There are 4 protein chains.
Amino acid sequence: MPVMRLGYVHVRVTDLDAAINHYSNTLGMKIMHQEGGTVYLKSWDEHDHHSVIIEEGGVGLVKLGYKVTSSDDLAVFEKRIQQFGATSERMSAGENLKTGDGLRVVLPSDHVIELYTDMEYVGTETGTLNPDPWPRDQRGAAVHRLDHALVAAEDPALVERFFYDCLDFRPAERLITDPAQPELIGTWMFCGQTPHDIAVIKGPNGKLHHFAYWLEDWNEVLKAGDVFAMDDVSVDVGPTRHGITRGKTIYFFDPSGNRNEVFTGGYQTGPDFATITWTADQTGKGIFYIGRTLNEAFTTVFT
Amino acid sequence: MPVMRLGYVHVRVTDLDAAINHYSNTLGMKIMHQEGGTVYLKSWDEHDHHSVIIEEGGVGLVKLGYKVTSSDDLAVFEKRIQQFGATSERMSAGENLKTGDGLRVVLPSDHVIELYTDMEYVGTETGTLNPDPWPRDQRGAAVHRLDHALVAAEDPALVERFFYDCLDFRPAERLITDPAQPELIGTWMFCGQTPHDIAVIKGPNGKLHHFAYWLEDWNEVLKAGDVFAMDDVSVDVGPTRHGITRGKTIYFFDPSGNRNEVFTGGYQTGPDFATITWTADQTGKGIFYIGRTLNEAFTTVFT
Amino acid sequence: MPVMRLGYVHVRVTDLDAAINHYSNTLGMKIMHQEGGTVYLKSWDEHDHHSVIIEEGGVGLVKLGYKVTSSDDLAVFEKRIQQFGATSERMSAGENLKTGDGLRVVLPSDHVIELYTDMEYVGTETGTLNPDPWPRDQRGAAVHRLDHALVAAEDPALVERFFYDCLDFRPAERLITDPAQPELIGTWMFCGQTPHDIAVIKGPNGKLHHFAYWLEDWNEVLKAGDVFAMDDVSVDVGPTRHGITRGKTIYFFDPSGNRNEVFTGGYQTGPDFATITWTADQTGKGIFYIGRTLNEAFTTVFT
Amino acid sequence: MPVMRLGYVHVRVTDLDAAINHYSNTLGMKIMHQEGGTVYLKSWDEHDHHSVIIEEGGVGLVKLGYKVTSSDDLAVFEKRIQQFGATSERMSAGENLKTGDGLRVVLPSDHVIELYTDMEYVGTETGTLNPDPWPRDQRGAAVHRLDHALVAAEDPALVERFFYDCLDFRPAERLITDPAQPELIGTWMFCGQTPHDIAVIKGPNGKLHHFAYWLEDWNEVLKAGDVFAMDDVSVDVGPTRHGITRGKTIYFFDPSGNRNEVFTGGYQTGPDFATITWTADQTGKGIFYIGRTLNEAFTTVFT
């Protein structure tokens, strides 16, 4: 499975200062670079130069970056993407700050994803020589790393097929209308060993539902929730458990309205993982296992 | 502080079998005795004969029992209660199953509480000789013990004064309308070292908001939430943190609609504890710290 | 039960700067006052002026302070102590910094304990108006408050009787040689609702085994352990669980060799609590439940 | 990275009944098949037929099985192994119960590992249709799945090179004697996204140090420790944190003396992970982060 992980998320924000405060002081990311209205940030347990890019002006997703193991993989992907009928173009080192060559792809759902093999290595905040398990000077929720993104698509099955056929992603879990005549409502797909690196649910093309950060455990989820209260962060739902992915979660919004998530838990996947099916009558339980009802925002707010 | 703790809660339920299933299989209490339509249950870490009594027929609170250290304390309380102008009567051993002499009091809010000094000792499920820290054969959420109750009163200040003057309870936290001309909306009062043994909020006289069980920690709260999902328990709010008491919580309903809570956390109180004040503009944060909004049920559903 | 809690611990340290660093940066206490070679510190969730006093010169326990509800209680205690045959003397406000009148007692085991009713109120770090559940700027292990102390005595039964007869403490757990002809090896006694406010084990008179701080839960115990590794604190045993008290713990030493503990868990006690008995053949399990063996230091290192 | 994971561990035990009790009642695995003196067991979150095989007679490691994505990968591995100069032979479906074709390899350290692509699918205990996050009827420590193994080798660097060159494993962490003239003492290698799927430390060829099970979090580690005390399991070290891998752990022995581990935590690895180096002077901290000293058993007991 030659895609390694979600490497970066690039979003627009209406108020850059508020966003900087949110992503650095509340979430605890480190500001790596600022240039005009664009800010690059990194979590403490990430080693590449940045994982979140915020750009002033509007709101919503600009693009997602997925890091790929090798140039050979890129070449294979390029061919498959052409065969699939999706649009892609080569991008050069330096088009994205500190980022190498790659492939820019427009998904059938109009989202832009970039596949790249290199980003400048910076190192984690604990280092590589006799490291401590966490940095002493953590800020706020102290998110560890980017984990996954959930995007909307008018035709989730088509996007699932794209990731399956072109990029070797596999579905860990699928939400369908009805076992007899199933129509796909959502799919949670992995390229590594976690439950999902990308997820797609039915909704307006090109839109973002949320992107998620990894935390250590359920106690760090509570700590994050406390920090959100202290910092007046708008909390959407949680803390709670997901039925789908088994994860533990809080959904919340950045000051511009982009939905974030803190996430932990799940299980180990891999090429032989048997896909889990959720039926639409159990959607509430699938999304928010404990309360078992969707709030309205979950299905209506995309950016 | 001569009142030891909330010793029992006696509630009515519409469907006895459903209630038995809820309190024993989902919450993990042990059935100690059944007689006609009345069932007596005990949590694993409680040593007295029972702590919850469910009685078929209707819904809502019958009475609360608070265990008192000595007969001398009872006599003192009786006098103070008369001076206060509340109604009380002596009750005899055996009026309540396995329970000794005591005093039955009608609060200014029409709730009945019983003060008693003895209940048959049964012992916890881990015993008193080289005990393990928990019983191996736990069921469901495996609640440890009863913790507190929250009742409604048209005049919370009057009920607060009753508990303060007559029973030596002290307020750990108070929710008021306005610091300038404060009117009391709610009070959380303790007789021991936890944040609350009784709480009172503005609402219809004689009604119960919820009674709560103690769990070990935030992880047991999640486990309880998972069990509630498995057993189709109606969850009101949570898991979340309370601002008031700092506790970690899930509110949920028994099959008849009586609200229960699983609760942990808090802090240590005592006679010299400095009362915390919450102002009405921070009510959402006080009740549900992370989400910072009250759901409608919280202020409207009493039984 | 008119003794409220362990209010302060006063110990000697060989190196004041190292001790200040340990108690403030590693444990997270706040320095409240320094005067000559004596430093007064407070934990974030304590409201009185200080709870730990470190004094340069030597090592070991100077005295313990227990806070008492009222002057009337003090008078009662004084009489009982005289009847018991122990030595006591009145102490005046100001003999101890920011501390009111009281009674200085020499235990049958030669330990000095001071009973007092007042210490200057400073307030916790979260305050009493719409407080957050924890202070944002925590340091190190961020201990919440003092919890209990364990002292050594040649005749533990005699000291137990002192606390029982004179101060209304009750034993939550007792470790005995043999159920047939029991001799007391250790006793864990409470004055409030936690498993212990003082504990006594067989050992040299006048010596301290450890004093303990409260943490929130098992996760905070791990965090403390991590901080101890980062700060090169000498760890004695843990993290592990105690059989006795059911607590979760790490024992460690301050730079002068005084043993500290971080502690959480336990259960609720009270006047009707049925004492738990541990037999000597289960001592290992009683002290360190998981490993079930005592390390040598546990029974030999006192200060 | 075409090796998916450690699929099974096959060990010898002196007392089969005691071993069955240990692996099923204490650890919570399910007995899938018994045939003569050989028993096959599965953890609740594993979907293949079995992951642990215990065989009566002696003690110690028989072999490890690593599951491989495809037959093409097997063919590639076979060639590389021949080039490397290690011994391998094809094995047929059915040589191992419910297990398909594969390759049996003798490592330069004399350990036998089997690479295979198929094992009969049984499914997890939570299933694939609207699953709960955990099975209601868990037993004992309720281990989730096999995680990794640590074996001894006279020449760890040679075995590391074997896994690197032949099977595409990468070292997450390496313990070396001295940065100037480094000699390898231990290596922790991954084939997926966790810190290690195999680890090798200096010691006698052909021997096992331990194999490890995955738990959810630090709280499940404590629960496991409690269960070990209840069931008189011999605990080696823990609960504690590892410096190396950042994991949380207890080492313990099965009744025959094979060392097991319960493990959780760590971080996400992948092809671009920057290897962490530990120097020998920090070995204590690397292995047991909190106590910072190795117990003697750690470096002397292999089976």
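Copies are superposed by least squares on the C-alpha atoms of residues with pLDDT of at least 70 in both. With that convention in place, the relation between two chains of this predicted model can be described. Chain B can be laid on chain C with an RMSD of 0.0 Å, through a turn of 180° and a shift of 0.0 Å along the axis. The two copies are therefore related as by a two-fold rotation axis. Among the residues of chain B, the C-alpha atom of B:Q193 comes closest to that axis, at 3.1 Å. The same surface serves both copies, since 100% of the contact residues of chain B recur in chain C.

The contact between these two chains takes 43 residues from chain B and 43 residues from chain C. About 3500 Å² is buried between chain B and chain C, and carbon and sulfur atoms give 46% of this area. The charged side chains contribute 8 salt bridges between chain B and chain C. One salt bridge joins B:E216 to C:K248, with the closest N and O atoms 2.4 Å apart. In addition, 23 residue pairs are in polar contact between chain B and chain C, both residues being at pLDDT 80 or more. On the side of chain B that touches chain C, strand 1 and strand 17 of chain B each supply at least two residues. Strand 17 of chain B gives the most to this side, with 4 residues. By character, the residues of the side of chain B that touches chain C divide into 14 nonpolar, 16 polar and 13 charged.

A single residue, B:Q268, shows how the two chains meet in detail. B:Q268 is placed in the loop between strand 16 (259–265) and strand 17 (276–279) of chain B. Its relative accessibility is 17%; because buried means under 20%, B:Q268 counts as buried. Apart from neighbours within four places in sequence, B:Q268 is in contact with B:Q193 and B:F273 in its own chain, and with C:R5, C:R145 and C:T194 across the interface. With one of these partners, C:R145, the side chain of B:Q268 forms a polar contact of 3.4 Å. B:Q193, another of the partners, is the residue of chain B that comes closest to the rotation axis.

Chain A and chain D form a further interface. The contact takes 43 residues from chain A and 43 residues from chain D. Between them, chain A and chain D bury about 3500 Å², 46% of it on carbon and sulfur atoms. Three residues, A:N130, A:R246 and A:D272, supply 18% of the area that chain A buries against chain D, more than any other three residues. There are 8 salt bridges between chain A and chain D, and one salt bridge joins the side chains of D:E216 and A:K248 at 2.4 Å, N to O. Across this interface 22 residue pairs are in polar contact, both at pLDDT 80 or more. The elements giving two or more residues to the side of chain A that touches chain D are strand 1 (3–13) and strand 17 (276–279) of chain A. Strand 17 of chain A gives the most, with 4 residues. The residues on this side of chain A divide into 14 nonpolar, 16 polar and 13 charged.

Salt bridges also occur within the chains, and the structure holds 84 over all chains. In chain B, B:R5 forms a salt bridge with B:D48, the closest N and O atoms being 3.6 Å apart. B:R5 lies in strand 1 (residues 3–13) of chain B and B:D48 in the loop between strand 3 (38–42) and strand 4 (52–56), so the pair ties together parts that are 43 residues apart in sequence. Both B:R5 and B:D48 are buried. The side chains of B:R145 and B:D147 meet in a salt bridge at 3.0 Å, N to O, and both residues are buried. In chain A, the side chains of A:R145 and A:D147 likewise meet in a salt bridge at 3.0 Å, N to O. A:R145 counts as buried at 10% relative accessibility, and A:D147 counts as buried at 5%. A network of salt bridges links A:K63, A:E89, A:E95, A:R104 and A:E114.

Helix 1 of chain A completes the tour. At its start, a side-chain oxygen of A:D15 reaches to within 3.1 Å of the backbone nitrogen of A:D17. The buried residues of this helix (residues 16–26) are A:L16, A:A19, A:I20, A:H22, A:Y23, A:S24 and A:T26. Helix 1 of chain A is followed by A:G28, whose phi is positive, near 90°.

Conventions
Residues numbered from 1 in each chain as written. Chains lettered and ligands numbered in written order. Heavy atoms only, no water. Contact = heavy atoms within 4.5 Å. Buried area = accessible area lost by both parts, 1.4 Å probe. Salt bridge = Lys/Arg side-chain N within 4 Å of Asp/Glu carboxyl O. Polar contact = N/O pair within 3.5 Å; in protein donor to acceptor, adjacent residues only side chain to side chain. Nonpolar A, V, L, I, M, F, W, Y, C, P; charged D, E, K, R; others polar. Buried < 20%, exposed > 50% of the residue type's maximum accessible area, 1.4 Å probe, protein only.
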